[in-house]
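Work through the exercises below with the sequence and the model open. Try each task before reading its solution.

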Amino acid sequence: MMRSFVRVVDSGSFVSAARLLNIPKSTVTRHIQALEHELGAKLLNRTSRTLNLTEQGQIYYQGTLRLLENLDILDSNVQMSAMQPRGKVRVEVPNALAYCLVIPALPDFLARYPDIQLELSVGNRTVNLIEQNIDCVIRIGELYNDALVARSLGELARVTCASRSYLERSGQPAHPADLAQGHTLIQIVSPRTGQRVVNELYRDRQVDRINAQWQFAVNDSMAARTAALNGLGVVTTYRFLVEEYLSNGQMVELFADWNIQRIPVHIAWPENRQLPSKVRIFIDWARSLFNQGE
């Protein structure tokens, strides 16, 4: 009955739920009626055109999802000793890591685990993993959610650079302070806070901010890289994003004798969620992937 209820809510209709469950619509209807009778509460408001959860239905739906998930995990773990891990794994990954690190390495993972379906949500959002039904998330920067269990994936090196065409036009600064004289930054904006990111360079006991005028700001590092490649200004970004262009001469590293703080990367999941083996396998694979890049 609980699975019928969840299918009705997720699909939005009794007909769709019956089709997904491969049972008659009348059986789904009886399941919902029996469930409401057993609970003594109305779970769904139904008309000929719409179907909505009642307040009690919303509470019961969230609890049922967790219960069924735990049952599925139990079934999966019991079966794992005799079979390959299988099922859907939902992961959220920031744009830059998805495009340049994770997705290029996926052929190996998917070939190794052919019965796993990986559903990748690509973006720089901060989502509620439980509400969005995300199994785990890779995040750049410090974690601010105490309800997550996290494991370090290491740190990302960064570099300040500009395209060769930009430097031919504006000149190459020899010191960070030179940026204030006629140079243009590509300004990074935090996708989490909306605030401008201010970077600092370190050398011996010196600390100098990367500071200049800007005409273009963006909250995505891939977009910032594209802007830099097209000569829009000086950018401070993750080294792995521009390594290819530094090697082939399209971009030039600035202030190589200065240091920039590295940025931590974590993989995290809800602390109250028991991890099925398929999710543990992805987490272990991700940790090994990032270790290879160190």
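The exercises cover helix pairs, sheets, one covered strand and two loop residues.

The model is predicted, with pLDDT of at least 70 required for local features and pLDDT 80 or more for side-chain atom pairs, while totals for chains, interfaces and linings use all residues. Residues are numbered from 1 along each chain as its sequence is written, and side-chain values use heavy atoms, with hydrogens and water left out. Helices (H or I, at least four residues) and strands (E, at least two) are DSSP runs, numbered from the N terminus.

**Exercise 1. The first helix pair**

Task: Determine how H1 and H2 pack and which residues make the contact.

Solution:

Step 1. Take the axes, which are lines fitted to C-alpha atoms, for helices over the stretch in contact; angles run from 0 to 180 degrees between N-to-C directions. Helix H1 (residues 2-11) and helix H2 (residues 14-21) pack at about 125 degrees, and their axes are 8 Å apart.

Step 2. Classify the angle. Under 35 degrees counts as roughly parallel, over 145 as roughly antiparallel, 65 to 115 as roughly perpendicular and the rest as oblique. H1 is therefore oblique to H2.

Step 3. List the contact, meaning heavy atoms within 4.5 Å. H1 contributes Arg 3, Ser 4, Arg 7, Val 8 and Ser 11, and H2 contributes Phe 14, Ser 16, Ala 17, Leu 20 and Leu 21.

Step 4. Sort by class: Ala, Val, Leu, Ile, Met, Phe, Trp, Tyr, Cys and Pro count as nonpolar, Asp, Glu, Lys and Arg as charged, and the others, Gly among them, as polar. The contact of H1 with H2 has 5 nonpolar, 3 polar and 2 charged residues.

Step 5. Check burial in H1, where buried means under 20% relative accessible area, exposed over 50% and partly exposed in between (1.4 Å probe, protein chains only). The buried residues of H1 are Ser 4, Phe 5, Val 6, Val 8 and Val 9. After H1 comes Gly 12, with a positive phi near 90 degrees.

**Exercise 2. The second helix pair**

Task: Repeat the analysis for H7 and H8.

Solution:

Step 1. The axes of helix H7 (residues 221-229) and helix H8 (residues 239-248) come within 10 Å and cross at roughly 20 degrees. H7 and H8 are therefore roughly parallel to each other.

Step 2. On the H7 side the contact uses Ser 221, Met 222, Arg 225 and Leu 229; on the H8 side it uses Leu 241, Val 242 and Tyr 245. By class these are 5 nonpolar, 1 polar and 1 charged residues.

**Exercise 3. The sheet of 5 strands**

Task: Give the strand order of the open sheet of 5 strands, then place H5 relative to its strands.

Solution:

Step 1. Two strands pair if DSSP finds at least two bridges between them. The order is S4-S3-S5-S15-S6, and the pairing is mixed. Strand S4 (116-122) and strand S6 (148-156) are the edges, each pairing on one side only.

Step 2. Neighbouring strands of this sheet are turned by 20 degrees against each other on average, direction ignored.

Step 3. Inside the sheet, strand S5 (residues 136-140) and strand S15 (residues 263-270) are antiparallel over 4 bridges. Ile 138 has Ile 267 in S15 as its bridge partner.

Step 4. Helix H5 (residues 95-112) lies across strand S3 (87-93), S4, S5, S6 and S15, and runs at about 170 degrees to S4.

**Exercise 4. A covered strand**

Task: How many residues of S7 are buried, and which strands does S7 pair with?

Solution:

Step 1. In strand S7 (residues 158-163), 6 of its 6 residues are buried.

Step 2. Side chains in a regular strand alternate between the two faces of the sheet. In S7, Arg 158, Thr 160 and Ala 162 are buried on one side, and Val 159, Cys 161 and Ser 163 on the other.

Step 3. S7 is joined to strand S12 (residues 235-238) by 4 bridges in the antiparallel sense, with Tyr 238 as the partner of Arg 158. S7 also pairs with S13, antiparallel over 4 bridges; there Thr 160 stands opposite Leu 254.

**Exercise 5. Two loop residues with positive phi**

Task: Are Asp 204 and Phe 255 buried or exposed?

Solution:

Step 1. Asp 204 has a positive phi of about 55 degrees although it is not a glycine. Asp 204 is in the loop between strand S9 (200-203) and strand S10 (206-209). At 78% relative accessibility, Asp 204 is exposed.

Step 2. Phe 255, also not a glycine, has a positive phi near 55 degrees. Phe 255 sits in the loop between strand S13 (251-254) and strand S14 (259-260). With a relative accessible area of 7%, Phe 255 is buried.
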